[in-house]
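Open the model in your viewer and keep the selection tool ready. We will go from one stop to the next.

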Amino acid sequence: MGKNIAVVGAGISGLSCTYLLSEENYTITVFAKAFSPEITSNRAAAFWFPYHVRNDKRGITWAKDSFAFYEKLSADKDSGISMKQLIKVLRVNTEEEEPVWVEFIPEGACKKIPKEQLDTGFEEAYEILVPLIETQIFLPYLQRELEKKNVVFETKIINDLNDLSSFDVVINCSGLGARQLCHDETIYPVRGQVALIETDESRPIYLDNELPLYIVPRKDAMIVGGTYEEHVSDEKTEPATIEKILQTAYSVFPGLKQKKVFGDWAGLRPFRKEIRLEYEAGTNIIHNYGHGGSGFTLAFGCAADVVDLVKKI
Ligand SMILES: Cc1cc2nc3c(=O)[nH]c(=O)nc-3n(C[C@H](O)[C@H](O)[C@H](O)COP(=O)(O)OP(=O)(O)OC[C@H]3O[C@@H](n4cnc5c(N)ncnc54)[C@H](O)[C@@H]3O)c2cc1C
């Protein structure tokens with residue numbers, strides 16, 4: 001008989017695990033304090049790119065598996081996933097690490113742009129075809145697909161994972177919530193603030209980690225980011241910071257000044273030096289949290305490892 005599984009958390013980590021688990025003969029209940037759109041996962045930009053995980057070699061498989069999953073799902077127009085061109089630039093005298101992220105990219109997806117085609121000030125640039133995950137469409141889509149498969153969703157704060165001992169397996173995907181739930185002080189918030197401007201879907205995604213600047217054209221808005229503020233837990237934007245982000249974007253692309261600015265948001269990345277993906281010995285708990293700025297990039301690869309662990313319990 002199939003296992004009775006509790007998943008804690010309805011962000012991309014929890015939903016991706018639930019999605020892959022739902023392909024097996026399991027009974028699944030998802031418990032969460034909050035659901036889309038009231039969660040960090042909705043605030044992600046969320047294009048596929050390995051960010052602050054490059055020293056963790058487990059990330060190579062996680063990233064590639066997730067890439068393949070999204071690429072396949074992009075054929076379904078309702079999913080909110082599309083394959084989109086990303087321009088990643090490195091400036092002259094870059095202090096950024098060597099492009100070790102290249103080994104995370106599936107073969108054939110990345111092309112180096114010839115130096116003679118680069119504007120002054122740029123040392124290197126890459127053109128990469130990546131999945132863009134429109135969170136405002138994809139998260140509700142996933143939830144609907146799971147409801148069709150009889151997954152139960154329950155709004156509930158879990159104060160102690162041991163309260164779920166009646167389940168055969170508990171998957172802990174609580175993101176920043178793990179700080180309290182697991183008394184894990186190694187996970188902490190990294191705030192990201194972004195501006196929202198009138199969209200132009202014909203543009204590629206643009207990524208310049210040195211300014212920093214990223215521009216992500218979605219259907220509903222163009223996300224212009226953004227900040228990376230470690231240990232800041234106030235999920236609010238600051239008008240002066242948003243203005244600075246916009247001015248940075250205008251300095252690179254003056255044409256954007258013509259676009260209407262209609263909003264902003266802030267989100268808290270659940271950062272941990274090393275993602276915690278493991279079975280906790282002697283319990284019924286598998287942890288899967290601490291994905292920082294790469295939750296979408298890694299989700300379905302991590303979820304596949306979680307499914308393997310579930311099969312072993
Ligand atoms: C501005 C910004 C831009 C980003 N851009 C990208 C990007 O381009 N690509 C990318 O891959 N990633 C990006 N990210 C990172 C991404 O958003 C996160 O890595 C990802 O959303 C983490 O997902 P999660 O499911 O682990 O956590 P969350 O989305 O935070 O979900 C946690 C879930 O656990 C629940 N929970 C917590 N505690 C409890 C409890 N005690 N009881 C019950 N439920 C609980 C919450 O209610 C929620 O449902 C970005 C983040 C920000 C802020």
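The tour below visits a helix, its neighbour, a core and a strand.

**Before you start.** This is a predicted model: local features need pLDDT of at least 70, side-chain atom pairs count only at pLDDT 80 or more, and totals for chains, interfaces and linings use all residues. Residues are numbered from 1 along each chain as its sequence is written. Helices (H or I, at least four residues) and strands (E, at least two) are DSSP runs, numbered from the N terminus.

**Stop 1: helix 1.** Select residues 12-21. Is this helix enclosed or open? Helix 1 is largely enclosed by the rest of the structure, because 10 of its 10 residues are buried. A residue is buried if 20 or more other C-beta atoms lie within 10 Å of its own, exposed if 12 or fewer, and partly exposed in between; C-beta atoms are placed from the backbone. Now show what surrounds the helix. Its buried residues pack against strand 1 (4-8), strand 2 (27-32), helix 3, strand 7 (169-172), strand 14 (285-291) and helix 6.

**Stop 2: helix 3.** Add residues 135-148. Helix 1 and helix 3 pack at an angle of about 35 degrees, and their axes are 10 Å apart. Axes are lines fitted to C-alpha atoms, for helices over the stretch in contact, and angles run from 0 to 180 degrees between N-to-C directions. Which residues meet here? From helix 1, pick L15, T18 and Y19; from helix 3, pick L139, L142, Q143 and L146. Contact requires C-beta atoms, placed from the backbone, within 7 Å.

**Stop 3: the core.** Select I5, V7, F47, V170, I171, V216 and V224. Of the 86 residues in the largest nonpolar core, these touch the most other members. Such a core is a set of buried Ala, Val, Leu, Ile, Met, Phe, Trp, Tyr and Cys residues joined through C-beta atoms within 7 Å. Helix 6 (residues 295-312) gives the most to this core, with 8 residues. Next, centre on I171. Leaving out residues up to four places away in sequence, I171 touches I5, V7, V8, C17, I286, N288 and V306.

**Stop 4: strand 8.** Select residues 187-197. Strand 8 is mostly covered, with 10 of its 11 residues buried. Add strand 13 (residues 261-279): the two pair in the antiparallel sense over 11 bridges. Strands pair if DSSP finds at least two bridges between them. Find A195; its bridge partner in strand 13 is D264. Then add strand 11 (residues 222-225), which pairs with strand 8 in the antiparallel sense over 4 bridges. There, I197 stands opposite M222.

Methods:
Contact = placed C-beta atoms within 7 Å.
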